Amino acid sequence: MDDETLRAAVAGHHWFHSIALRPGIVTPGVKTPDIMAAEEEALFGPLALGGLSVLDIGAWNGGFSLAALRRGAARVLATDSFTWDHPWFRGRAAFDLACAATGLVPEARRLDPTELPAGLEPFDVTLFLGVFYHLRDPIPVVAALGEVTRLLCLLETHEDAAEHERPAMVFYPGRELADDPTSWWGPNPPLVRALLAQAGFDRVLRRPHPLPDVAPSRGMYAAFRPDAPVAMVQPFRDAGWS
Ligand SMILES: C[S@@+](CC[C@H](N)C(=O)[O-])C[C@H]1O[C@@H](n2cnc3c(N)ncnc32)[C@H](O)[C@@H]1O
(Lines give C-alpha, C1' and ligand atoms only; values in the text may rest on other atoms or scores of the structure.)
Protein backbone atom coordinates (compact mmCIF):
# COMPACT_ATOMS: atom_id res chain seq x y z
CA MET A 1 0.00 0.00 0.00
CA ASP A 2 1.54 3.36 -0.97
CA ASP A 3 1.58 6.28 1.50
CA GLU A 4 -1.35 8.09 -0.11
CA THR A 5 -3.54 4.98 -0.04
CA LEU A 6 -2.59 4.28 3.57
CA ARG A 7 -3.33 7.88 4.64
CA ALA A 8 -6.77 7.62 3.01
CA ALA A 9 -7.44 4.32 4.76
CA VAL A 10 -6.37 5.78 8.12
CA ALA A 11 -8.68 8.77 7.59
CA GLY A 12 -11.61 6.38 7.24
CA HIS A 13 -11.38 5.18 10.83
CA HIS A 14 -11.90 6.49 14.36
CA TRP A 15 -8.66 6.13 16.32
CA PHE A 16 -8.26 5.89 20.09
CA HIS A 17 -4.55 5.05 19.87
CA SER A 18 -1.82 6.97 18.10
CA ILE A 19 0.20 4.27 16.34
CA ALA A 20 3.24 4.90 14.17
CA LEU A 21 2.44 2.89 11.06
CA ARG A 22 5.47 3.90 9.02
CA PRO A 23 7.73 6.97 8.88
CA GLY A 24 5.50 10.04 8.58
CA ILE A 25 2.20 8.22 9.14
CA VAL A 26 0.77 8.08 12.66
CA THR A 27 -2.87 7.29 13.41
CA PRO A 28 -4.62 10.37 14.88
CA GLY A 29 -5.57 8.87 18.23
CA VAL A 30 -7.62 10.44 21.01
CA LYS A 31 -4.60 9.29 23.03
CA THR A 32 -1.89 11.48 21.50
CA PRO A 33 1.59 10.11 20.74
CA ASP A 34 2.82 11.77 23.96
CA ILE A 35 0.13 10.03 26.05
CA MET A 36 0.79 6.69 24.37
CA ALA A 37 4.54 7.03 24.93
CA ALA A 38 4.11 8.01 28.59
CA GLU A 39 1.72 5.13 29.30
CA GLU A 40 3.82 2.61 27.38
CA GLU A 41 6.99 3.62 29.20
CA ALA A 42 5.31 3.62 32.63
CA LEU A 43 3.82 0.16 32.09
CA PHE A 44 6.45 -1.63 30.03
CA GLY A 45 9.60 0.25 31.06
CA PRO A 46 10.20 -1.91 34.16
CA LEU A 47 9.29 -5.13 32.31
CA ALA A 48 11.53 -7.36 30.21
CA LEU A 49 8.90 -8.55 27.74
CA GLY A 50 11.26 -10.64 25.62
CA GLY A 51 9.86 -14.13 25.10
CA LEU A 52 6.72 -13.60 27.19
CA SER A 53 3.10 -14.20 26.18
CA VAL A 54 0.71 -11.26 26.55
CA LEU A 55 -3.09 -11.10 26.69
CA ASP A 56 -4.47 -7.61 25.94
CA ILE A 57 -8.03 -7.35 27.30
CA GLY A 58 -9.86 -4.42 25.71
CA ALA A 59 -7.19 -3.85 23.08
CA TRP A 60 -9.28 -1.47 20.86
CA ASN A 61 -6.89 -0.26 18.10
CA GLY A 62 -4.13 -2.49 19.45
CA GLY A 63 -1.63 0.21 20.41
CA PHE A 64 -0.43 -1.71 23.46
CA SER A 65 -0.58 -5.11 21.72
CA LEU A 66 1.69 -3.79 18.99
CA ALA A 67 3.97 -2.12 21.54
CA ALA A 68 4.34 -5.46 23.35
CA LEU A 69 5.34 -7.15 20.10
CA ARG A 70 7.80 -4.34 19.32
CA ARG A 71 9.30 -4.89 22.77
CA GLY A 72 9.92 -8.56 22.09
CA ALA A 73 6.85 -10.40 23.38
CA ALA A 74 6.80 -13.89 21.89
CA ARG A 75 3.02 -14.02 21.56
CA VAL A 76 0.27 -11.42 21.92
CA LEU A 77 -3.46 -12.12 21.88
CA ALA A 78 -5.53 -8.96 21.43
CA THR A 79 -9.15 -9.20 22.54
CA ASP A 80 -12.07 -6.81 22.57
CA SER A 81 -15.80 -6.61 21.97
CA PHE A 82 -17.49 -3.27 22.67
CA THR A 83 -15.48 -1.00 20.38
CA TRP A 84 -14.71 -3.82 17.92
CA ASP A 85 -18.41 -4.50 17.41
CA HIS A 86 -19.52 -0.87 17.62
CA PRO A 87 -20.88 0.40 14.25
CA TRP A 88 -19.28 3.85 14.63
CA PHE A 89 -15.99 2.92 16.32
CA ARG A 90 -15.43 -0.14 14.03
CA GLY A 91 -12.45 -0.84 16.26
CA ARG A 92 -11.64 -4.27 14.83
CA ALA A 93 -11.28 -2.88 11.29
CA ALA A 94 -8.95 -0.14 12.57
CA PHE A 95 -6.98 -2.74 14.56
CA ASP A 96 -6.63 -4.90 11.43
CA LEU A 97 -5.42 -1.89 9.42
CA ALA A 98 -2.80 -1.03 12.07
CA CYS A 99 -1.54 -4.61 12.09
CA ALA A 100 -1.36 -4.80 8.30
CA ALA A 101 0.39 -1.44 8.01
CA THR A 102 3.00 -2.17 10.69
CA GLY A 103 3.57 -5.77 9.64
CA LEU A 104 3.20 -6.76 13.29
CA VAL A 105 0.76 -9.59 13.73
CA PRO A 106 -0.82 -10.17 17.12
CA GLU A 107 -3.42 -12.89 17.37
CA ALA A 108 -6.93 -11.48 17.70
CA ARG A 109 -10.10 -12.87 19.20
CA ARG A 110 -13.47 -11.26 19.72
CA LEU A 111 -13.93 -11.66 23.45
CA ASP A 112 -15.89 -9.65 25.99
CA PRO A 113 -14.09 -9.27 29.35
CA THR A 114 -17.15 -10.69 31.10
CA GLU A 115 -16.57 -13.99 29.24
CA LEU A 116 -13.17 -14.52 30.88
CA PRO A 117 -11.52 -16.92 31.55
CA ALA A 118 -13.16 -18.20 28.35
CA GLY A 119 -11.09 -21.40 28.35
CA LEU A 120 -7.83 -19.49 27.92
CA GLU A 121 -4.62 -20.97 29.23
CA PRO A 122 -2.82 -18.44 31.48
CA PHE A 123 -0.68 -15.82 29.75
CA ASP A 124 2.59 -14.62 31.30
CA VAL A 125 1.34 -11.02 31.26
CA THR A 126 -2.19 -9.67 31.03
CA LEU A 127 -3.14 -6.09 30.20
CA PHE A 128 -6.38 -4.74 31.67
CA LEU A 129 -5.99 -1.10 30.74
CA GLY A 130 -8.86 1.36 30.90
CA VAL A 131 -11.46 -1.39 31.15
CA PHE A 132 -12.39 -1.83 34.86
CA TYR A 133 -14.70 1.19 35.10
CA HIS A 134 -16.49 0.34 31.85
CA LEU A 135 -17.81 -2.89 33.34
CA ARG A 136 -21.10 -2.73 35.17
CA ASP A 137 -20.02 -5.79 37.16
CA PRO A 138 -16.21 -5.66 37.28
CA ILE A 139 -15.62 -7.83 40.34
CA PRO A 140 -15.97 -11.28 38.68
CA VAL A 141 -13.80 -10.05 35.81
CA VAL A 142 -10.98 -9.10 38.20
CA ALA A 143 -11.36 -12.55 39.78
CA ALA A 144 -10.96 -14.09 36.31
CA LEU A 145 -7.76 -12.09 35.78
CA GLY A 146 -6.17 -14.35 38.37
CA GLU A 147 -7.10 -17.38 36.26
CA VAL A 148 -5.70 -16.05 32.97
CA THR A 149 -2.50 -14.51 34.40
CA ARG A 150 0.58 -16.66 35.05
CA LEU A 151 2.94 -13.93 36.30
CA LEU A 152 1.84 -10.29 36.02
CA CYS A 153 -1.33 -8.33 35.43
CA LEU A 154 -0.98 -4.66 34.49
CA LEU A 155 -4.22 -2.84 35.32
CA GLU A 156 -4.93 0.83 34.62
CA THR A 157 -8.10 2.56 35.75
CA HIS A 158 -9.97 5.72 36.53
CA GLU A 159 -10.15 6.16 40.32
CA ASP A 160 -12.36 8.01 42.79
CA ALA A 161 -13.21 7.96 46.52
CA ALA A 162 -9.59 8.67 47.51
CA GLU A 163 -10.88 10.30 50.70
CA HIS A 164 -11.92 6.84 51.97
CA GLU A 165 -9.25 4.67 53.58
CA ARG A 166 -11.46 1.59 53.39
CA PRO A 167 -12.04 -0.19 50.06
CA ALA A 168 -14.78 1.72 48.25
CA MET A 169 -15.98 2.72 44.83
CA VAL A 170 -18.32 5.36 43.48
CA PHE A 171 -21.19 4.34 41.18
CA TYR A 172 -21.97 6.55 38.20
CA PRO A 173 -25.53 5.62 37.18
CA GLY A 174 -25.62 8.06 34.25
CA ARG A 175 -23.11 10.17 32.37
CA GLU A 176 -21.33 11.53 35.45
CA LEU A 177 -17.90 10.38 34.30
CA ALA A 178 -16.72 12.23 31.18
CA ASP A 179 -20.29 12.29 29.84
CA ASP A 180 -19.83 8.59 29.03
CA PRO A 181 -22.78 6.28 29.74
CA THR A 182 -20.43 3.26 29.57
CA SER A 183 -18.40 4.37 32.59
CA TRP A 184 -19.89 2.91 35.76
CA TRP A 185 -17.36 2.90 38.59
CA GLY A 186 -14.65 4.89 40.31
CA PRO A 187 -12.75 2.51 42.62
CA ASN A 188 -10.25 3.76 45.20
CA PRO A 189 -6.76 2.23 45.49
CA PRO A 190 -7.58 0.09 48.56
CA LEU A 191 -10.46 -1.47 46.62
CA VAL A 192 -8.37 -2.28 43.55
CA ARG A 193 -5.63 -3.73 45.74
CA ALA A 194 -8.15 -5.84 47.69
CA LEU A 195 -9.82 -7.22 44.55
CA LEU A 196 -6.48 -8.12 43.01
CA ALA A 197 -5.36 -9.79 46.25
CA GLN A 198 -8.60 -11.82 46.34
CA ALA A 199 -7.93 -12.82 42.73
CA GLY A 200 -4.70 -14.49 43.83
CA PHE A 201 -2.12 -11.77 43.22
CA ASP A 202 0.17 -11.85 46.26
CA ARG A 203 2.10 -8.64 45.54
CA VAL A 204 0.23 -5.59 44.25
CA LEU A 205 2.09 -2.39 43.43
CA ARG A 206 0.60 0.92 42.33
CA ARG A 207 1.79 4.10 40.72
CA PRO A 208 -0.17 7.16 39.64
CA HIS A 209 -0.76 7.76 35.94
CA PRO A 210 2.46 9.23 34.47
CA LEU A 211 0.83 12.44 33.19
CA PRO A 212 0.58 15.01 36.03
CA ASP A 213 -2.83 16.33 34.95
CA VAL A 214 -4.26 12.79 34.81
CA ALA A 215 -2.49 11.39 37.89
CA PRO A 216 -5.06 12.62 40.47
CA SER A 217 -7.80 10.51 38.87
CA ARG A 218 -6.07 7.45 37.41
CA GLY A 219 -3.81 4.71 38.77
CA MET A 220 -1.71 1.88 37.38
CA TYR A 221 -1.30 -1.46 39.15
CA ALA A 222 1.29 -4.20 38.73
CA ALA A 223 -0.19 -7.32 40.30
CA PHE A 224 2.06 -10.37 40.59
CA ARG A 225 1.04 -14.01 40.86
CA PRO A 226 2.92 -16.25 43.33
CA ASP A 227 5.02 -17.69 40.47
CA ALA A 228 6.40 -14.25 39.52
CA PRO A 229 10.09 -14.11 40.43
CA VAL A 230 11.50 -11.32 42.58
CA ALA A 231 13.57 -10.32 39.55
CA MET A 232 10.33 -9.39 37.78
CA VAL A 233 8.97 -7.41 40.74
CA GLN A 234 12.07 -5.48 41.73
CA PRO A 235 12.33 -3.26 38.61
CA PHE A 236 8.80 -2.00 39.33
CA ARG A 237 9.79 -1.16 42.92
CA ASP A 238 12.94 0.51 41.59
CA ALA A 239 10.76 2.60 39.24
CA GLY A 240 8.75 3.90 42.22
CA TRP A 241 5.74 1.54 42.18
CA SER A 242 4.71 0.76 45.77
C1 LIG B 1 -10.82 3.37 27.43
S2 LIG B 1 -10.72 2.04 26.29
C3 LIG B 1 -9.14 1.37 26.70
C4 LIG B 1 -8.41 0.83 25.50
C5 LIG B 1 -6.97 0.38 25.79
N6 LIG B 1 -6.95 -0.80 26.62
C7 LIG B 1 -6.19 1.50 26.42
O8 LIG B 1 -5.93 1.47 27.63
O9 LIG B 1 -5.82 2.43 25.71
C10 LIG B 1 -11.87 0.92 26.98
C11 LIG B 1 -11.87 -0.48 26.37
O12 LIG B 1 -12.77 -1.29 27.10
C13 LIG B 1 -13.54 -2.06 26.20
N14 LIG B 1 -14.80 -2.47 26.84
C15 LIG B 1 -15.06 -3.70 27.29
N16 LIG B 1 -16.29 -3.78 27.79
C17 LIG B 1 -16.83 -2.57 27.66
C18 LIG B 1 -18.10 -2.03 28.00
N19 LIG B 1 -19.05 -2.76 28.60
N20 LIG B 1 -18.32 -0.74 27.72
C21 LIG B 1 -17.37 0.00 27.14
N22 LIG B 1 -16.15 -0.46 26.81
C23 LIG B 1 -15.89 -1.73 27.06
C24 LIG B 1 -13.70 -1.17 24.99
O25 LIG B 1 -14.03 -1.92 23.83
C26 LIG B 1 -12.34 -0.51 24.92
O27 LIG B 1 -11.45 -1.26 24.14
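**Close-up views of the ligand site, pockets and loops**

**View 1. A backbone contact to the ligand.** A polar backbone atom of histidine 134 lies 3.4 Å from a nitrogen atom of the ligand. On its own, the ligand has 580 Å² of accessible area, and the protein covers 91% of that. The model shown in these views is predicted.

**View 2. Side-chain contacts to the ligand.** Two side chains are picked out here. Lysine 31 places a side-chain N or O atom 2.8 Å from an oxygen atom of the ligand. For threonine 83, a side-chain N or O atom is 2.9 Å from an oxygen atom of the ligand.

**View 3. The shell around the ligand.** The ligand is surrounded by 17 residues. His17, Lys31, Gly58, Asp80 and Leu129 come nearest. By class, the shell holds 9 nonpolar, 6 polar and 2 charged residues.

**View 4. The largest pocket.** The ligand takes up the space of the largest pocket. The volume of this pocket is about 1000 Å³. Its lining counts 40 residues. Phe16, Trp60, Gly130, Tyr133 and His134 are the lining residues that lie nearest the pocket centre. His134 also appears in View 1, where its backbone meets a nitrogen atom of the ligand at 3.4 Å.

**View 5. Elements that line the largest pocket.** Two helices and two strands each give two or more residues to the lining of the largest pocket. The helices are H2 (33-44) and H4 (82-85). The strands are E3 (53-57) and E7 (149-158). The lining of the largest pocket divides into 19 nonpolar, 12 polar and 9 charged residues.

**View 6. The second largest pocket.** This pocket holds about 170 Å³ of space. Its lining runs through Ser18, Ile19, Ala20, Val26, Pro33, Met36, Ala37, Glu40, Gly63, Ala67 and Arg70. H2 and helix H3 (63-70) each supply at least two residues of this lining. H2 gives the most, with 4 residues. By class, the lining of the second largest pocket has 7 nonpolar, 2 polar and 2 charged residues. H2 also contributes two or more residues to the lining of the largest pocket.

**View 7. A cis peptide bond before proline 117.** The bond from leucine 116 to proline 117 is cis. Its omega is near 10°. Proline 117 sits in the loop that links strand E5 (107-110) and strand E6 (123-129).

**View 8. A positive phi at alanine 161.** Alanine 161 is a residue other than glycine, yet its phi is positive, near 60°. The residue belongs to the loop between E7 and strand E8 (169-171). E7 itself is one of the elements that give two or more residues to the lining of the largest pocket.

Notes:
Residues are numbered from 1 along each chain as its sequence is written. This is a predicted model: local features need pLDDT of at least 70, side-chain atom pairs count only at pLDDT 80 or more; totals for chains, interfaces and linings use all residues. Side-chain values use heavy atoms; hydrogens and water are left out. A residue is near a molecule or strand if one of its heavy atoms lies within 4 Å of it. A polar contact is a pair of N or O atoms within 3.5 Å; within protein, one must be able to donate a hydrogen and the other to accept it, and residues adjacent in sequence count only if both atoms are side-chain atoms. Accessible areas come from the Shrake-Rupley method with a 1.4 Å probe; for residues, only the protein chains shown count as cover. On a 1 Å grid over the protein atoms alone, a cavity is a set of points where a 1.4 Å probe fits but cannot get out, and a pocket is an open set with protein on both sides within 12 Å along at least five of seven lines; lining residues have an atom within 4 Å of a point. A molecule sits in a cavity or pocket if more than half of its atoms lie within 2 Å of its grid points. Ala, Val, Leu, Ile, Met, Phe, Trp, Tyr, Cys and Pro count as nonpolar, Asp, Glu, Lys and Arg as charged, and the others, Gly among them, as polar. Grid points are joined across faces, edges and corners, and a volume is the space filled by probe spheres set on the points.
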